[in-house]
Structure formats: structure tokens, C-alpha cells
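Here is a short report for a first look. Keep the sequence and the 3D view open while reading.

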Number of protein chains: 2
Amino acid sequence: MTALKQKKDKMQSPLDILSERMATDMDAVNAMIVTHMQSDVALIPTLASYLIAAGGKRVRPLLTLASTALFDGDMTRAHRLAAAVEFIHTATLLHDDVVDDSNQRRGKDSANIVFGNEASVLVGDFLFSRAFQLMVADGSLDVLRILSNASAIIAEGEVKQLSTQNNLETTMDDYRKVIEGKTASLFAAACEVGPIIAEQDIKIVKALSDYGMALGMAFQIVDDVLDYDADRLKLGKDIGDDFREGKMTVPILFALEKASPQEHDFWTRTLGERNQNEDDFGRAQNLIIEHDGLNKGLVMAQEYGNQAINALRLVPNSDIKEILINIIQFIIHRDH
Amino acid sequence: MTALKQKKDKMQSPLDILSERMATDMDAVNAMIVTHMQSDVALIPTLASYLIAAGGKRVRPLLTLASTALFDGDMTRAHRLAAAVEFIHTATLLHDDVVDDSNQRRGKDSANIVFGNEASVLVGDFLFSRAFQLMVADGSLDVLRILSNASAIIAEGEVKQLSTQNNLETTMDDYRKVIEGKTASLFAAACEVGPIIAEQDIKIVKALSDYGMALGMAFQIVDDVLDYDADRLKLGKDIGDDFREGKMTVPILFALEKASPQEHDFWTRTLGERNQNEDDFGRAQNLIIEHDGLNKGLVMAQEYGNQAINALRLVPNSDIKEILINIIQFIIHRDH
């Protein structure tokens with residue numbers, strides 16, 4: 001191995017390595033995405049490509065590709081189904097931004113700001129329908145079952161999040177259910193599709209589903225921790241969105257567990273009543289650090305990371321399996 | 001026939017007759033709807049049942065039941081798929097009311113007013129997912145294809161409607177595409193499911209799809225005419241919503257065709273710029289009547305009605321076929 005290659009490997013994250021390994025397949029997925037977001041109604045491809053061109057890491061379709069390649073499955077089927085997974089994800093992003101009244105997504109003005117809430121809702125519906133058309137074209141009822149179940153669970157998670165927002169009675173169990181629904185279920189489905197395509201037995205299918213579920217839990221917990229992490233500001237990233245919206249995420253729940261009556265009043269005002277002034281986010285960060293909320297969150301993420309590793313034990317060793325394992329630690333220790 | 005029975009027949013619309021004929025099946029559909037809108041997340045059944053309990057004529061699931069019974073198809077499958085059709089319809093209503101910023105639906109405050117736009121968007125997504133879960137449980141890829149295609153076309157129609165709203169360049173052809181998408185495609189799909197269940201040959205499947213499509217076009221055109229019909233006020237119904245929102249519907253398009261330059265300025269101000277005062281709706285109604293916009297709309301609806309009748313020529317005569325034909329005239333001549 002040359003020094004240059006070593007340096008490159010050091011700089012590359014396991015997600016980058018997987019993207020590179022799957023580059024040809026990912027190109028095929030992207031082509032599939034572009035083809036299937038077309039419509040005679042010009043606003044649809046305009047809005048969809050605005051969001052999709054903004055990038056994002058394409059984690060979910062990559063997981064579908066990897067979980068298919070892991071078992072030498074038919075990659076042509078994986079391309080189509082990875083595009084379906086990304087369409088479901090994109091549809092939920094469009095709807096989330098309307099629901100959260102967001103104004104930024106992937107470093108740009110979000111689609112609801114540029115094109116309006118109305119168009120975001122309807123183009124989300126369109127992409128969601130397209131996802132099912134892609135699955136029907138593939139023709140596997142198992143895949144349709146997995147992704148229609150995941151879609152229902154995503155919506156349930158999002159509604160539950162709405163019910164727990166600004167609600168200081170929210171428990172850690174409520175939180176787990178919210179993120180299992182809104183995030184982890186699609187990770188699980190994205191990983192489950194591969195062994196289904198490759199006609200693996202049910203234990204292997206379950207192993208990949210468990211891996212995706214645990215990975216998705218870790219991913220969302222870290223995301224929620226990072227939204228309070230001051231170091232992230234140095235990377236030019238926004239923080240504090242969850243606090244402003246009164247979302248009951250893991251750092252808050254750990255801080256609430258140990259809150260003095262006075263602190264509880266602070267949380268009630270800022271999160272429960274969403275009555276916030278400009279110093280409040282700083283105080284929230286301090287209280288979370290004081291009660292070790294970020295570290296406890298990362299420990300929880302690591303527990304899910306360990307579950308994800310365990311889930312892969314049944315899967316024969318291979319370089320792709322190694323990448324899937326490395327992705328777990330990368331996701332937990334990422335800083336953006 | 002007794003005098004009493006004759007009187008009852010006279011009072012009953014063909015939709016009422018179909019509802020009565022299909023009462024046991026409709027009960028099964030309603031039970032299916034109630035079962036499948038359940039969720040551990042309490043807000044979901046609360047919101048869904050708020051809208052579903054408000055009634056509505058259940059035209060689409062009735063069409064699925066009738067088009068199955070017409071060919072002696074398996075009614076148990078029809079119950080499940082009729083519920084799926086109604087879930088897709090309900091999801092689009094929830095999203096429409098958010099998009100149109102409506103405050104009334106089926107004579108009550110609309111769900112977005114009572115539960116918020118956020119919950120309406122997400123519960124719509126949930127019901128849409130549930131529809132696909134029901135279809136997967138049925139297991140017919142043909143049905144999944146028909147209803148995923150219809151869902152994509154509905155969303156396209158809605159986005160196209162958004163693009164034509166407040167746009168005086170909208171053509172009659174644009175309008176036809178909008179209503180074909182937003183309304184007629186689901187009528188077509190609802191009718192197509194029956195002969196698919198009953199394993200009819202492709203000509204019969206196409207006949208029912210054509211019937212549903214033409215019926216849906218007539219239905220929506222009449223709906224759009226009625227929104228300018230002063231007689232409807234006597235029935236305690238609201239009118240003028242389309243005008244207030246600047247929707248380019250058939251009465252407007254006929255009035256625009258014949259508009260003087262001065263009238264064109266009026267439409268530009270009221271619909272294009274949505275700058276309206278309280279006298280404007282009355283003036284709009286007068287201009288439409290002057291240019292025969294309502295009658296021309298009804299003539300157009302009747303043309304689709306004739307297409308619907310023709311579409312059924314291939315279908316063997318039966319009492320259900322007769323009801324389906326009677327429904328066409330009822331829909332065109334309804335006053336609410």
C-alpha cells in the first residue's frame with residue numbers, strides 16, 4: 001500500500017468507501033431516480049430535483065445496494081428498489097419540512113420555503129406513489145410488504161413525535177418509539193430488501209433488518225445529540241433546531257431526569273410553553289452538559305451500535321460486511 | 001309494486017339504491033376501515049375517525065363493491081380493496097384541505113382546523129401507507145399496479161391544479177387533465193378493481209376503467225359547476241370556494257372564452273391577483289350565466305356521461321349494471 005493510498009484511506013469514511021465501492025451501482029440508482037421523478041407537470045421534477053440535487057449522503061439506498069451485494073443478489077433489482085427507498089425518504093423529508101415549518105435542508109433553503117408548503121405536500125405524495133410504482137415494477141410482494149409496513153410505521157413515528165413535542169411527560173420509551181418509527185424503520189427496511197432480493201433464508205433477512213434497525217436508532221440518537229453540540233458550529237452547521245421546536249430528544253430527557261425544580265421550570269417554559277429568549281439555548285446546553293446528557297446519549301447510541309454488530313454475526317465474513325460494521329462506529333462518532 | 005314502494009323508489013337516488021343493495025358489504029368495508037385506522041398513536045384514529053365518521057357518500061368504495069358484484073367476484077377481497085380505495089381518497093382529502101387552507105369539510109370544521117396542518121399531513125401519509133398494506137395483504141400485483149398508478153396520477157393532477165391556480169392562461173385541456181388526475185383516475189381505479197378480482201378479460205377491465213374515468217370526469221365537472229350555482233345556497237351548502245381560491249374551473253373557462261377586455265380585467269384582478277371584494281362573487285356568477293358557463297359545463301358533463309354509458313356496452317345486462325347507468329344521470333343532475 002502506498003503512502004498516498006494510506007492517507008486516502010485514512011481520510012475516507014466507511015460511507016465514502018462504500019460509495020466508491022458501489023459507484024457504478026449508485027450511478028444506476030441516480031439515473032433511476034432522475035427518470036422516475038419526471039412528469040409532464042413541470043413543477044414536480046423541478047421541486048424533486050431541487051431537493052435531490054442538494055445531495056445528502058444517500059445512506060439508505062447505499063444500504064440497499066450493500067445488503068444486496070453482500071449476498072450476490074441481482075443488482076439490477078437493487079437499483080430500482082434503492083431508488084424506491086430514496087423516494088420514500090425524500091417524500092418524508094418534504095413532509096417533515098412542512099410539519100416542522102423548516103427553512104433549511106442540506107444547507108439550502110428548504111423546498112417548502114422555495115416552492116411553498118402546498119407543492120411540498122403534493123410532490124411528497126407523488127414521490128411516495130412513485131416508490132410504490134417502482135416496487136410494483138419489481139414485482140416482489142415481500143418487498144412491497146416490507147416497505148408499505150415501514151411507511152406506515154414512519155408516519156406513526158412522526159405523529160407520535162408531534163404528540164410528544166412540547167410535552168415534558170415524554171418518557172425515554174416514547175422517544176425510542178418515535179425514532180424507531182421516523183428513522184430506524186426505513187433503515188431496517190432498506191437493509192432487509194437486499195437479502196430478500198438474494199433469496200436468503202429468514203434468519204439472514206431478520207439479521208439484516210435488525211442491523212438496519214439498530215443502526216438507524218444509533219444514527220438518530222447521534223443526530224439528536226449533535227443538535228446540542230457547540231463544536232458543530234465550527235463546521236458551519238446549525239444547531240438548536242430541536243430546542244426551538246420543543247422536540248423531546250435524548251439530551252433533554254437525560255437533563256430532565258436530573259432536573260431540580262428550578263430547572264424543571266426552565267424546561268417547562270422553554271420547551272413546554274415554547275417561550276424562549278436568546279440566552280435560553282445556551283442555558284439548555286449548559287444544563288445538558290451538567291447532567292451529562294450528551295455523553296449518556298452517545299452511550300445509548302453505542303448500545304444500539306453493539307446490537308447492530310451482533311446482528312451481523314450470522315452473516316458470512318466479507319469486505320462488504322466489514323464496511324457495514326465500520327459504518328456503525330463512523331455513524332456514532334461522526335461530528336456532522 | 002305497492003304505492004309505498006313506488007314512492008320510496010322515487011325518493012331514492014341510484015346511489016341510495018346501490019348503498020342499500022350493498023349494505024352488508026358496505027358494513028364489512030366500514031368494519032375494515034375502522035380496524036385498519038387503529039394505531040397505538042392515539043391521534044391517528046382520533047383524526048381519521050373524525051373525518052371518516054363525518055360521512056361522505058362512500059361513492060368510490062361502493063363502485064369497487066358494485067364492479068366486483070357485477071361479475072360475481074369474491075366480495076371478501078372487494079371489502080378489503082374498497083377500504084384501500086377509501087383510505088387513498090381520505091388521505092387525499094386530508095392533504096387537499098391543508099393545500100387549500102380549507103376550513104370546512106362535509107359540513108364540519110375540517111381536520112386541519114381541528115388538529116392542525118401537521119397532523120393532517122402525517123395522518124394522510126399513514127392512511128396512504130395503510131391502503132398499500134391492505135393491497136399487499138390482498139396480494140394482487142395488478143391491483144397494486146392500478147392503485148399505485150392512480151395515486152401518482154392523483155398527485156400529478158393536484159400539482160397541476162396548483163400550477164393552473166390563479167393562471168388565466170389555463171386551457172380547457174389543462175382543466176381536463178387536472179380533473180382527470182385529481183378525481184377521475186381514482187374513480188377509474190375503483191371500478192377497475194372489481195373485474196380484476198373477478199378475473200375478467202382485459203376488454204371488460206378496460207370497459208369498467210373507462211366507465212369510472214368518464215363518471216369521475218362528469219362528477220368533478222358538475223361539482224365545479226355547482227360551486228357557482230346560487231340554488232345550492234337554499235340547500236344550506238357553501239358556494240364560491242373555487243372563486244375565492246382562484247381555481248380555473250369549467251364555468252370560469254367558458255366565461256373567459258367570451259370575455260370582453262373589461263371582463264378580462266375583472267377576472268385578472270379577482271382570480272389572477274386574488275384581489276376580491278364582497279361584490280365580486282356576485283359579478284362572477286352573473287358573467288358566467290351571461291356566457292352560459294354553467295349550461296356549457298353541464299353539456300360537457302353529459303358528454304362524459306354518454307362515454308360512461310357507452311363504456312358499459314360490453315358488460316352483460318344486470319340489475320347492478322342498470323344501477324351503474326342510473327348513477328351517471330344522477331351525478332349529472334344532482335343539486336348538492
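Where is the place of Asn166(A)? Asn166(A) sits in the loop between helix H9 (141-164) and helix H10 (172-197) of chain A.

This is a predicted model. Chain A has a mean pLDDT of 93, and 96% of its residues reach 70 or more. The model's scores are ipTM 0.94 and pTM 0.94.

**Two loop residues**

Most residues other than glycine have a negative phi. Asn166(A) has a positive phi, near 65°. Asp292(A) is not a glycine either, and its phi is positive at about 60°. The table sets out both.

| Residue | Phi | Loop in chain A | Relative accessibility |
|---|---|---|---|
| Asn166(A) | near 65° | between H9 (141-164) and H10 (172-197) | 24%, partly exposed |
| Asp292(A) | about 60° | between H15 (280-290) and H16 (293-311) | 34%, partly exposed |

Why does Asn166(A) count as partly exposed? Its relative accessibility is 24%, and partly exposed lies between the 20% and 50% cut-offs.

**An enclosed helix**

Now to chain B. Ten of the eleven residues of helix H5 (residues 59-69) of chain B are buried, so this helix is largely enclosed by the rest of the structure. Among the buried residues are Val59(B), Pro61(B), Leu63(B) and Thr68(B). The buried residues of H5(B) pack against several helices of chain B, including H2 (14-21), H6 (75-99) and H17 (319-333).

**The two copies**

A turn of 180° and a shift of 0.0 Å along the axis lay chain A on chain B, with an RMSD of 0.0 Å. The two copies are thus related as by a two-fold rotation axis. Of the interface residues of chain A, 100% are also interface residues in chain B, so the copies meet through the same surface.

Conventions
Residues numbered from 1 in each chain as written. Chains lettered and ligands numbered in written order. Predicted model: local features only at pLDDT ≥ 70, side-chain atom pairs only at ≥ 80, totals over all residues. Heavy atoms only, no water. pLDDT = per-residue confidence, 0-100. Least-squares fit on C-alpha atoms with pLDDT ≥ 70 in both. Contact = heavy atoms within 4.5 Å. Buried < 20%, exposed > 50% of the residue type's maximum accessible area, 1.4 Å probe, protein only. Helix = DSSP H or I, 4+ residues; strand = E, 2+ residues; numbered from the N terminus.
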